[in-house]
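Colleague: I would like a close look at the aromatic rings and at what surrounds them. Please take me through it step by step, as you would for someone in their first year.

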Amino acid sequence: MDDLWTGARSELEARVGTHNYVTWLAPLSLRAIDGGAADIACPTRFLSDWVSRHYARPILDALVHQGAEVERLSFTVAAPAPAADNRPAELRPVDSIPRAVASPMPAAAPAAAAAPAPAAVRAPLRDEEMTAPLDARFTFDNFVVGKPNELAHAAARRVAEGGQVTFNPLFLYGGVGLGKTHLMHAIAYERQTRDPQARILYLSAEQFMYRFVQALRERTVMDFKELFRTVDLLMVDDVQFIAGKDSTQEEFFHTFNALVDQGKQIVISADRAPGEIKDMEERIKSRLSCGLIVDLHPTDYELRLSILQSKTEQFRQTYPGLRLGQGVLEFLAHRITSNVRVLEGALQRLFAFASLMGREIDLDMTQECLTDILRASDRKVTVEEIQRKVAEHYNIRLSDLVGPKRVRTLARPRQIAMYLAKQMTSRSLPEIGRRFGGRDHTTIMHGIRKIEELRTEDRSLAEDIDLLRRSLEA
């Protein structure tokens, strides 16, 4: 069987060309021939569908020419024999799973009752650690769009379509659980679906650093450069982690320039805007800022409710008999405001608990089941915490922030702190005034109104406020 398949592979490479062969046919293996049918193993459903549509006839002809009594082919999704995969790493595209087989997010339940999680999609590179696995759940179809993330979604869609993009790089930033990683996975998935031969590399900044250090240690830097500078789409998640790593920043800078000069697309994500990443080289900040910078804002009530409604429809497929009481989703959207991951985790727990206990999901059960999450969400931000955060952010002394000085370098941060105190605490204006050096409530009101006006005019100030808010809510 091995000799038969080896001969057929040689014929196939000569017939379809080396590039097509290493991309589509090298990962295959011949499992068996029975009753005139050759069973071909493919590592993914996507590859199986593609090969059956485009290469079934060449494979059949090659097997017959090698003397096999074969009349038809069948394709099985199974891992091929290790020796069968001889593709150079730089020629391997990110694999993907068609939407038809993407599974909904499984509910979090004890091991005995939990449904198996969908398999992550791993790019078929020679070294599996070279690219991060893609999650079949993270597609555009499963991304709930609202006002806080509509620009990020539109920009990601545009990049995923391929072709010439007027902005490069696309820089996505925002707090934890706001959808950055979801959009990154969705871009890679959609782009590969549209162009299966595109070479896409998606990895975290930490993985980029690790691979670069390994290349230095093993003296394979040229191979590293060749791989990273010949991709069609480079995606780096959490780029803030290379800050302060001089050698890694140097290589990232040159890789970035090489790809931009070739017209290749780059997508970057971080937890803050480029200019706010400490210990990042100024030239890299400048390069990252030359494209489209998009902030994923904290979710609002409407978006949280939409996300809960979408996830509920997915969970109903796993728990079709469960009943959801009126007002439960609205209660969760109102009470859990930290991030989407906590929100989804709470809903997962509810469905699993209700399934195990055989109860309807009503408000009483919700409060009973989610006591710890609701208590954590009720943590109150204090005026003092806000003052400390603002003082640290603007590098001024806390005593100056609450003191009598009225110079502009102190007045504006002071007004921002007043604004946040009003927005994030239940304190009255006179109470806030007492915590700002005994100021009158009219002074506090003036400062709040001033910041409300400036937020619509000054993008930098608006970004500072959003960053401070996320930091305080974390």
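**Rings, a core and its surroundings**

Modeller: Let's start with two rings: F315 and F351 are both buried. Please keep in mind that this is a predicted model. We will come back to that couple in a moment, once we have seen another pair.

Searching the whole structure turns up eight aromatic pairs. One of them is formed by F208 and F224, whose ring centres are 5.6 Å apart; their planes meet at 70°, and since an angle over 60 degrees counts as edge-to-face, that is what we call this pair. The two partners come from distant parts of the chain, 16 residues apart: F208 belongs to helix α7 (residues 205-218), and F224 to helix α8 (residues 221-228). How accessible is F208, and is it buried or exposed? Its relative accessibility is 1%, so F208 counts as buried. F224, at 5% relative accessibility, counts as buried because the limit is 20%.

Now back to F315 and F351. Their ring centres lie 5.2 Å apart with the planes at 50°, so this pair is tilted. F315 sits in helix α11 (residues 301-318) and F351 in helix α13 (residues 340-357), so the pair ties together parts of the chain that are 36 residues apart in sequence.

Let's return to the first pair and widen the view. F208 and F224 are members of a cluster that ring pairs hold together, along with F212, F228, F252 and F256. Another ring, that of F253, has a different kind of partner: R283 lies over its face, 4.2 Å from the ring centre.

Two rings of that cluster lead us straight into the largest nonpolar core. This core has 29 residues, and those touching the most other members are F171, F228, L234, V239, F252 and I268. Which elements each supply at least two residues of this core? They are the strands β4 (170-174), β5 (200-204), β6 (233-237) and β7 (265-270), together with the helices α7, α8, α9 (246-261) and α10 (282-288). For a sense of the packing, pick out I268 in your viewer. Leaving aside residues up to four places away in sequence, I268 touches P169, L170, F171, L172, V236, V239, F252 and L288. Another core, of 27 residues, lies apart from this one, and V22, I59, L60 and V70 are among its members.

One neighbour of I268 deserves a pause. P169, which I268 touches, is found in the loop between α5 (150-160) and β4. The peptide bond joining N168 and P169 is cis, with omega at about 10°. Most peptide bonds are trans, and most residues other than glycine have a negative phi. Keep the second half of that rule in mind for the next stop.

Helix α9, which supplies at least two residues of the largest core, also holds Q249. Is Q249 buried or exposed? With a relative accessible area of 0%, Q249 is buried. From C-alpha to C-alpha, Q249 is 10.0 Å from V239, and the two are ten residues apart in sequence. Not counting residues up to four places away in sequence, Q249 touches I242, A243, G244, D279, M280, E281 and I284.

D279, one of the residues that Q249 touches, sits in the loop between β7 and α10. What is the sign of phi at D279? It is positive, about 65°, although D279 is not a glycine. In contrast to buried Q249, D279 is exposed, with a relative accessible area of 61%. N395 shows a positive phi too, of about 55°, and is not a glycine either. You will find N395 in the loop between α16 (383-393) and α17 (398-402). At 72% relative accessibility, N395 counts as exposed because the limit is 50%.

Finally, zoom out to the whole chain. Its secondary structure comes to 21 helices and eight strands, and 50% of its 474 residues count as buried. Among contacts with a separation of 6 or more, 74% are between residues 24 or more positions apart. The ring pair of F315 and F351, with its 36 residues of separation, is a good place to see such a long link for yourself.

Conventions. Residues are numbered from 1 along each chain as its sequence is written. This is a predicted model: local features need pLDDT of at least 70, side-chain atom pairs count only at pLDDT 80 or more; totals for chains, interfaces and linings use all residues. Side-chain values use heavy atoms; hydrogens and water are left out. Rings of Phe, Tyr and Trp (its six-membered ring) pair if their centres lie within 6.5 Å; planes under 30 degrees apart count as stacked, over 60 as edge-to-face and the rest as tilted. Helices (H or I, at least four residues) and strands (E, at least two) are DSSP runs, numbered from the N terminus. Buried means under 20% relative accessible area, exposed over 50%, partly exposed in between (1.4 Å probe, protein chains only). A charge sits over a ring if NZ of Lys or CZ of Arg is within 6 Å of the ring centre and within 35 degrees of the ring normal. A nonpolar core is a set of buried Ala, Val, Leu, Ile, Met, Phe, Trp, Tyr and Cys residues joined through side-chain atoms within 4.5 Å. Contact means heavy atoms within 4.5 Å.
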